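Q: Please take a close look at one strand of this model and its surroundings. Keep the account brisk and connected.

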Amino acid sequence: MMDKKNLLTYEGLQKLESELHNLKVVKRKEVAQKIKEAREQGDLSENAEYDAAKDEQRDIEARIDEIEKILKNAEVVVEEEVDLDKISVGCRVKILDMEYDEELDYKIVGSTEANSLKGKISNESPVGKALLGAKVGEVVTVETQAGDLNYKVLEIQRSN
């Protein structure tokens with residue numbers, strides 16, 4: 001089975017590489033030291049500190065594995081080359097929620113970078129998927145469980 005490509009902006013790529021470096025260089029050493037100190041306390045069968053350190057070690061290794069898989073299948077979107085005629089991954093869009101007459105500002109990113117609290121929506125989310133390929137002035141309809149939502153594309157720009 002082919003692993004799916006993970007679309008990342010350059011900023012997202014740097015963030016993941018930085019986190020991976022921190023986990024491998026700093027966190028691994030910290031947790032190894034915690035395990036060593038807990039072992040020195042003797043009986044491991046009832047040593048909560050040892051168990052906690054081993055759990056932390058497992059979580060760190062799982063995250064390292066996850067990031068490495070994302071990076072292995074990463075496709076970086078060069079934001080300077082994004083076509084501003086239509087919405088695509090890596091651009092910033094201003095849309096009008098036609099029901100509430102409210103302007104919304106989003107950056108379209110790959111699913112690994114999505115963070116709705118920071119205005120970053122995934123190209124795989126219902127809104128992101130509906131917006132892809134739309135041009136300024138177009139109205140897109142997003143089908144949701146709560147019914148159809150209509151958004152008018154006001155502006156497409158580079159995100160940086």
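A: What follows is a walk around strand β3, its partners and the core.

The model is predicted. Strand β3 covers residues 91–97. Five of its seven residues are buried, so β3 is largely enclosed by the rest of the structure.

Start with the pairing. β3 runs antiparallel to β7, with seven bridges between the two strands. Isoleucine 95 has valine 153 of β7 as its bridge partner. β3 also pairs with β4, again in the antiparallel sense, through six bridges. Here leucine 96 stands opposite glutamate 103 of β4. A hairpin links β3 and β4, with four residues between them. In that turn, aspartate 101 has a positive phi of about 50°.

Now the packing. The largest nonpolar core holds 20 residues. Val93 and Ile95 are among those with the most contacts inside this core, as are Ile108, Leu131, Tyr151 and Val153. β3 gives two or more residues to the core, and so do β4 (102–109), α3 (126–131), β6 (139–144) and β7 (147–158). Val153 thus appears twice: as the bridge partner of isoleucine 95, and among the core residues with the most contacts.

Ile87 is another residue in that group. Leaving aside residues up to four places away in sequence, isoleucine 87 touches Val93, Ile108, Leu131 and Val153. Its other contacts are Leu132, Gly133, Ala134 and Ile156.

A second core is separate from this one. That core has 14 residues, including Leu8, Leu16, Val31 and Ile60.

Terms used:
Residues are numbered from 1 along each chain as its sequence is written. This is a predicted model: local features need pLDDT of at least 70, side-chain atom pairs count only at pLDDT 80 or more; totals for chains, interfaces and linings use all residues. Side-chain values use heavy atoms; hydrogens and water are left out. A nonpolar core is a set of buried Ala, Val, Leu, Ile, Met, Phe, Trp, Tyr and Cys residues joined through side-chain atoms within 4.5 Å. Buried means under 20% relative accessible area, exposed over 50%, partly exposed in between (1.4 Å probe, protein chains only). Contact means heavy atoms within 4.5 Å. Two strands pair if DSSP finds at least two bridges between them.
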